[in-house]
Amino acid sequence: MDRMSAMDAGFFFIEDENVPMHVGSVLVFEGPAPSYGDVVRLFAAKLGTVPRYRQRVKALPLHVGRPVWVDDEHFQILYHVRHTAVPSPGADDQLRNLAGRLFAQRLDMSKPLWEVWLVEGLEDGRWAIISKVHHCLIDGIAGTDLMTVLLDWREDSPLPEPTRWTPKPNPSTVDLVVDGVRDAVLTPITHLAKFPAMARRLRSGSEVLDIGRAVLGSLPTTARRLAVSTPKTLNGPIGPHRRWVWAKADLAELKTVRKVTGGTVNDVILTAVTRGFRDLLAKRDELADGQVVRTMVPVSVRSSAERGVLTNRVSAVLVNLPVSDPDPLARLASIREQMDDLKSSRQAAGADVLTGLSNFTAPTLLALGSRTAVRFPQHLLQTVTTNVPGPRIPLFMLGRRLAEIYPYVPIASTMRISVGIFSYLGQVTFGINADFDGVPDVQVLADGIRAGFDELVTATAD
């Protein structure tokens, strides 16, 4: 049976009324807008390349096995591809408000876990696609691969003909339970049996030892990093509603800063995000000396052979954003030092190994553990900052050029803010997701990110 991986199942189990676990994006196109019928026909023609989009999740009684993917015998594309418009003048604020409302709504867990909205009425003749896909189906890098399937590389690409699809009969509950019990018993044994061969194939013994030594050697530094004080108001309970705003920067200005200071473009991005949180805390009169905002930075561990595979292949590292430092170049130096240390300590590789161990967890405990993890109050992390590189050449849909794309990353647990980052052509865009009641001042954060790039450009020019 087509069973979820342990990580995908974890994302599925996290879902509840206040934690919709889908990722998403807003794609803004140059006009004129296509007809709704043309968009429906486009998706119908493309679905043959992504069969998961016509499958739904079947959870087992008492979670005796990991959930499985089964064909949706009642699949109807008109349910998943929808049509709406914003009132005149169709400004950015109206599109952001619409997207925030749609992103806050949960997907129907009894149907294939995706939906898209054609949005008309934007100013300058533009139009948009708002996309939602459950995190158990896809991660950021896989999302980029999928986007290249749904969009065209050429303006005049012909529309493929839809292929005939017949759903496979769903397995019975008895068959699912029997197979689930077998999976719960045999999967850990299978993974244990494969482990020596996998270790020999994927990493030499000396490399495994090197990773272990590096991770263990970095523990004192990590402990000191986790001991630094963090602000209180960035953590707290979250509700069902969301505020979603965006910011953007030119990739050329980021590369100019990086050329002067060294490090990576991602270091520069995190430094601008630091300025955003600094402004937010200053506005709340909560900024204090020595304070940091701790973010989880997901790291893709997807190999080139895994491109296009719709599943989650991510690890993560923790980074302290030095919000209390007034000097933007000092903030950049601090982030660069941390990132260099995390790379040398191989913590992302170590985290991937630990994540892989969830395959040894009984599905019932995995369900319980995933749900408990997001409900347990914590102040260790204040946000998630995820950066996904996108294509560097123009993309088209139905002959219309994709102008901008803004990402949406869910929030969970007691983290009230997430920052999704996406690069396309010469632009870097930020989609900032926040709890509606807990972060009414989220626009301050977005404006601060833009100000962060401006001050870095000025500082490096001097």
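Where is the place of Pro32? Select Pro32 and you will find yourself in the loop between β1 and α2. A cis peptide bond joins Gly31 to Pro32, with omega about -5°.

**Before you go on**

You are looking at a predicted model, in which local features need pLDDT of at least 70, side-chain atom pairs count only at pLDDT 80 or more, and totals for chains, interfaces and linings use all residues. Residues are numbered from 1 along each chain as its sequence is written, and side-chain values use heavy atoms, with hydrogens and water left out.

**The whole protein**

Show everything as a cartoon: the secondary structure comes to 14 helices and 14 strands. Helices here are DSSP runs of H or I with at least four residues, strands are runs of E with at least two, and both are numbered from the N terminus. Of the 462 residues, 51% are buried (buried is under 20% relative accessible area, exposed is over 50%, and partly exposed is in between, with a 1.4 Å probe and protein chains only).

**The six-stranded sheet**

Next, select the strands in the order β4-β5-β6-β1-β12-β11, which form an open sheet with mixed pairing. Two strands pair if DSSP finds at least two bridges between them. At the edges are β4 (81-85) and β11 (396-397), each pairing on one side only. Inside the sheet, β1 (residues 22-29) runs antiparallel to β12 (residues 400-408), joined by six bridges. Pick Val26 and look across to Tyr406 in β12, which stands opposite.

Now add helix α2 (residues 36-46), which packs on this sheet and touches β4, β5 (114-120), β6 (127-134) and β11. Touching is a matter of contact, meaning heavy atoms within 4.5 Å. The direction of α2 makes about 155° with that of β4; axes are lines fitted to C-alpha atoms, for helices over the stretch in contact, and angles run from 0 to 180 degrees between N-to-C directions.

**Loops worth a click**

Go to Pro89, in the loop between β4 and α4. Another cis peptide bond is here, joining Ser88 and Pro89 with omega about 15°. Then move to Asp124, in the loop between β5 and β6. Its phi is near 65°, a positive value in a residue other than glycine. Asp124 is exposed, with a relative accessible area of 73%.

**Strand β14 and its neighbours**

Select β14 (residues 427-435), where nine of nine residues are buried. Gln427, Thr429, Gly431, Asn433 and Asp435 lie on one side, and Val428, Phe430, Ile432 and Ala434 on the other. In a regular strand, side chains alternate between the two faces of the sheet.

Add β7 (residues 242-250), which runs antiparallel to β14 through nine bridges; Ala247 has Phe430 as its bridge partner. Then add β13 (residues 417-424), also antiparallel to β14, over eight bridges. Here Ser418 is the bridge partner of Asn433. β13 and β14 form a hairpin with two residues between them, and Leu425 in the turn has a positive phi of about 55°. Leu425 is partly exposed, at 23% relative accessible area.

**Last stop: two helices**

Finish with α9 (residues 251-261) and α10 (residues 265-283), whose axes come within 9 Å and cross at roughly 105°. That makes α9 roughly perpendicular to α10 (the range for this is 65 to 115 degrees; under 35 is roughly parallel, over 145 roughly antiparallel, and the rest oblique). Show side chains for Leu251, Leu254, Lys255, Val257 and Arg258 of α9, and for Val265, Val268 and Ile269 of α10, which make the contact.
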